[in-house]
Each structure stands twice: as structure tokens, then as C-alpha cells.
Amino acid sequence: MAEFQNKLLDALLQRGLLKVEQVERVAARSDKENKAPEEIILAERLVFPEALAQVQAEILGIPYVDLTKATIDEKAMQDISRKAAITYRFVAFDIKGNDLFVAMENPDDFQAQEAIKFIAKRKGMVPQIYLASAEGIEKALGGSSAVEAEIGGALTDFTQELEDAGRQVSGKEDKDIERVMEEAPVTKVVAVMIRHAIEGHASDIHIEPNERELRVRYRIDGDLHTTLVLPLKVHAAIISRVKILSSLKIDESRLPQDGRFSATVDSRAYDFRVSTMPTTFGEKAALRILDKSSGAPSFEELGLRGESKARFEEGLHSPHGIILISGPTGAGKSTTLFTSLTQLNSPDTNIVTLEDPVEYEVEGVNQTQIHPEIGLSFASGLRSMLRQDPDIIMVGEIRDKETAELAVHASLTGHLVLSTIHTNDAVGTVPRLVDMGIDPFLLAASLRVLAAQRLVGRLCQDCKQEVELSPNMREKIVQDIASIPDQHKETENQKSPKVLYESPGCPVCQERGSIGRLAIFEAIPVSRAFREVMNNDAGYDTLQDIAMREGLITMRQDGILKALNGEVLYEDVMRVTSQDVVSNT
């Protein structure tokens, strides 16, 4: 078994599905926790289940089948009990002549092998063993609409219970609603919805009432996908259940509310940040899913490369000052901050944080979650934090003048302050802080690095293919990256663009064309020249000119370099940096 596990890790490394540091981490966890590497890989979501199963099948020398896409022949499962299939984790998926094609999750399971032989012999057939992923087995056993069926069954039970009680759930205050929510199958509906979102690697769940139906959408790799469409009559019940979990007022539907709750799914701890908002057809709920068990990735995994990464890391080692990362909600700012804290974390450094909510748990770091409802805001928490003898302070977000003033005060009294702010790019941070009421001369004295980022889909490397550039497109790209010195262009295609890349989709990326997301990034070290123009209350354009003259690689340029390197889609880069796309014709 150890030999197979070593071969598996080597194969994943050679295929580029795992990096060296990931292999080392998985191997160390495997030894320490006495778990199979594949179990850790799936738990940490390092490789898609189908891609992992393909590699396992190659090493074992048996064929692979993707049961998430395959059509199951009903005759193959005839006379085979569902209980046996679930117990031994197999699916008979096809019949050809005298052969019974059977997919197994673990072909080395002796008891499962004996059960399959017995079943095949009883059917007068010869079993042909294939390997399938656990996800594929689950889907095949549950049918193509397993989640919908599970929710449908619970909804049927729930509707019947309401009818038996002679009531219809409404948005009005009713003390019995809470009891029904706790006891009725709608609890299961919400649980299935959450579990399915986690299994699908979703970052958000949107529960949205329309005129005739209730739509549930999941955000996966930045894009929203409609997953479930439910009867509108269950809307109030589901929203009430979410509110009860989040300790919100179930009788208040006219005002927005914010809350949170925690849950454990498959032995992993998750936090859910919940927001409700009244709409024309009823309340909408949005749930942000935060995996507390996952550690912060490395800068390279995030997408920080080359000169931008070097500039940012240099700022992190300043003894004091402010480092700010800007971007819209969902741009990965908090993840980059936590990767930074992981690098700065050491036994001789006191790091304290204020967050809303705590997204990653970092051992050795003192983390505090704000609670505005009891008076613990970013501003009040930061004021108290300064009395805790900190060396490094991380504030989740600078939202107002008071928090900004306290951050500046902390940086000027010997602390390194890391935070985020909502602006369009790195240079835009300065006018934003001035607009909050911070004096330019204080900003010039306190700011160390201004950064900004966006997230774009990471192209699937298994189905990636070249697309030759048209003359118009090539001219546009050459013009966009002309200011980047050649020493910062790693590949020949970046120096002299000839092709872009696209991924049409394959089993490895589940036909999406992308696997995960990558940051496009820019970083501006606050130099003497930059400070001088800030002191003179210079405008955005002047600050941008100074940054460009000092070698700034903008987010758009960073994204174009990654597109030329086959890491991201060029159109995605243009979309998130608000630039028109030139037709490649």
C-alpha cells in the first residue's frame, strides 16, 4: 500500500496536479495522522475527484470510468440490492454480451470483490472491474437528480405536515413557526442544500424568490450556477430556518439582517456568513461559506509572481507602516493577508487581528472577531488592541475615518498594520483615504505598500490548447505590455506574443474549462517620489504616472502575462480590469 501511495504522489507531481510543497505536506500529514494521501488530497480539495481517480486507475493498471458523465444501463443494476451497492461502494453500469461492467471506489477491497463475484455469478456473467471516484459512485447510486430527489422527498413530507396542522407558513410572526422549522423536514432541505454546496466547492449560496418559484444558486470559481428550483410556497420556511441558524429575527422581513453560524460537514469545520435582504417577491438570503479547516495558500498558489511579489514581500518586512490591499468583495484580499501573516508569524512576534468573520485560523496568532451589535467594531477593537503590546496588527477592512485614523496612529507608533480597502486599484487607495478625512502628510509618513488584486479562472492544464493571435490582437497585446521590461517576461511568448490559450473543458475540470481561481496582482512600494507628490495633495493621474515610471506592473499587465503563459483566459483578464476585448479575427 505504501508503494502505491508513493507512486500516486509522484504521478500527481509529474502531471502538474500537485506542487512539490503540496506533496511534502500531504506526505507529512499522511504519516502523522495515519491517513491515506488520497483522503487528505480530497479533504483539502487539492485535486478534482475525477482527475485523482484517473491517476489511481493508471497506477493500478485498471480502466477508469467517469460515472458523473456515464449513462447507467438500468439492466446492469437489475437484481442488485441498493444496500449491497452502498455497503461495498460499487455500481454495475453496463452489460455487453456476457460481461457485467462494474465500477468500484476501492478495487483492493477484498470483501467488495467477493460480493461482486457472487452477484455476477448469480446473474451468470463475468465481472469487468473499473475504478470510479467516490463522487461518481455517489451520483450513480443516487441517480442524476439525487440532491433534487432528496430535497423533493423532504419537501413532500414538510408540505404534508403543514396540511395536517391546518396551516400555511407565511412571513407573519407565529411562535409555532420556529417549532416547525426545528422539527419539520425543512431542516433537512437546508442541510442538503448546504452539503451539496460544499461538495460542489461553492463559495456562496444564494436563495432567491421569484414571481413563481424559489431559485437556489451556487457560486463556483466566481460564477453563479442555478442548482435548484423549488416551489415558492416553501420560501418562507427555508428563509426562517436560515434565520434561526444565524440567530436572526424570523419575524422581521422588512429590513436587511446579518448573522453567522457554524457547522461541521464530513469532519471539516465551516463558518457561514449570512445576509438577508428584502426584495419584490420576498426575502433573499446569501450565505458565504468559509472553510475553517483549510490553511492559507502560498503566494505562488495565489498567483503572486515576479516583481509584484518581490515588491509586496519587501514591504511585509518593514518594521512599521501600513500595507493595504484593495479590490472588490470576493477578490481574495483576506486570503492574501493571511498568507502574509503566515509568513510573518514567529514565536517572537505578537500578531493580533480584528476580523469579520475569522476566515482562517492561524496557530500562534491572536484572532478576534468583531461584534458590532455589542459595540466591538473595527475602530473600538483596534483601540483596545493597541494596549495588547502588538508588533503586527491585521484589521479586516478600513471602512471609516475612525478606523483609518487609528491605523495611521498605530503605524506611526512602531506597528506594522495590514488591512484591506475597497478601491478599484492600488493608486486609488490614496484619494479614498483622503476622502475619508486622513491628511495627505500622514499618509505619506505611514503608507509602505499599496496593492490591488482580482480573481480570474485558472485554465485547466489538461485540456488547454493554443489559439494563434490575429494581427489586431497581437498589436493590442504588444501595446499593453510594452512598458514591462523584458527581464520580467519569463517565456518567449510573453516577450513576443504569438498565441493565447483556451480550455474547452474535459473530465478533469468537469467540462468547465477552469479549475479554481488565480489572482492578478499589482503592488506599489511608497517611494520618496511617491511620498512627495502625496504631500503636495497630487491627484490620481499624477500618482499613477509616478508609479508607472517606477516600474509598476498593473493588474491588467500581470493578467496578460499570465494569459500568454496559458494560466488564465485573456477575455477574463479584460473583463475584470474593465477593458474592451479586441476580436481575435
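This is a chat about a predicted model of one protein chain.

Me: OK, how many helices and strands are in the protein chain?
Reply: The protein chain has 24 helices and 18 strands. Keep in mind that the model is predicted.

Me: And what share of the residues is buried?
Reply: Of the 585 residues in the chain, 49% are buried.

Me: What about contacts, how many join residues at least 24 apart?
Reply: If you take the contacts between residues at least 6 apart in sequence, 65% of them join residues at least 24 apart.

Me: Let's talk sheets. What is the strand order in the open sheet of seven strands?
Reply: The order is β12-β11-β13-β14-β10-β15-β18, and the pairing is mixed.

Me: Which strands stand at the edges?
Reply: Those are β12 (366-369) and β18 (514-525). Each has a single partner strand, so one side of each has no neighbour in the sheet.

Me: By how much are neighbouring strands turned against each other?
Reply: On average by 20°, with direction ignored.

Me: I'd like to look at β14. Which residues is that, and how does it pair with β13?
Reply: β14 is residues 416-421, and β13 is residues 392-395. The two pair in the parallel sense over four bridges.

Me: Which residues can I click on to see that?
Reply: Try Val 395, whose bridge partner in β14 is Ser 419. You can also look at Ile 393, which stands opposite Val 417 in β14.

Me: How does the chain cross from β13 to β14?
Reply: The chain goes through helix α16 (residues 401-412), and this β-α-β crossover is right-handed.

Me: And how many bridges are there between β10 and β14?
Reply: Six, and that pairing is parallel. One spot to check is Ile 325, which stands opposite Thr 420 in β14.

Me: Are the residues of β14 buried or exposed?
Reply: Six of the six are buried, so β14 is largely enclosed by the rest of the structure.

Me: Which residues of β14 point which way?
Reply: Leu 416, Leu 418 and Thr 420 point one way, while Val 417, Ser 419 and Ile 421 point the other way. Residues on both sides are buried.

Me: Which strands does helix α13 lie across?
Reply: Helix α13 (residues 306-316) lies across β10 (321-326), β14, β15 (447-459) and β18. Its angle to β18 is about 60°.

Me: Switching to another part: how do β2 and β3 run?
Reply: They run parallel, and six bridges join them. Strand β2 covers residues 99-104 and strand β3 covers residues 126-131. As an example, Leu 100 has Pro 127 in β3 as its bridge partner.

Me: What unit do β2 and β3 make with helix α6?
Reply: A right-handed β-α-β unit, with α6 being residues 110-122.

Me: Now the rings. How many aromatic pairs does a search of the whole structure find?
Reply: The search finds six aromatic pairs. Take Phe 93 and Phe 101: their ring centres are 6.2 Å apart and their planes are at 50°, so the pair is tilted.

Me: Why give both a distance and an angle?
Reply: Because a pair of aromatic rings is described by the distance of the centres and the angle of the planes.

Me: Which residues form a cluster with Phe 93?
Reply: Phe 101 and Tyr 130 join Phe 93 in one aromatic cluster.

Me: Are those two Phe residues buried or exposed?
Reply: Phe 93 counts as buried at 8% relative accessibility. Phe 101 counts as buried too, at 12%.

Me: What sits over the ring of Phe 101?
Reply: The charged end of Lys 96 does, 5.8 Å from the ring centre. Elsewhere, Lys 464 lies over the face of Tyr 501, at 5.0 Å from the ring centre.

Me: Last topic, backbone angles. What is phi for Arg 89?
Reply: Phi of Arg 89 is positive, about 55°, although Arg 89 is not a glycine. You'll find Arg 89 in the loop between α5 (82-88) and β1 (90-96). At 21% relative accessibility, Arg 89 counts as partly exposed.

Me: And what about phi of Asp 537?
Reply: Phi of Asp 537 is near 60°, again a positive value in a residue other than glycine. Asp 537 lies in the loop between α21 (528-535) and α22 (540-549). With a relative accessible area of 53%, Asp 537 is exposed.

Conventions:
Residues numbered from 1 in each chain as written. Predicted model: local features only at pLDDT ≥ 70, side-chain atom pairs only at ≥ 80, totals over all residues. Heavy atoms only, no water. Pairing = 2+ DSSP bridges. Axes fitted to C-alpha atoms, helices over the stretch in contact; angles between N-to-C directions. Contact = heavy atoms within 4.5 Å. Phe/Tyr/Trp six-rings, centres within 6.5 Å; stacked < 30°, edge-to-face > 60°. Buried < 20%, exposed > 50% of the residue type's maximum accessible area, 1.4 Å probe, protein only. Lys NZ or Arg CZ within 6 Å of the ring centre and 35° of its normal. Right-handed = clockwise from strand over helix to strand, strands pointing away.
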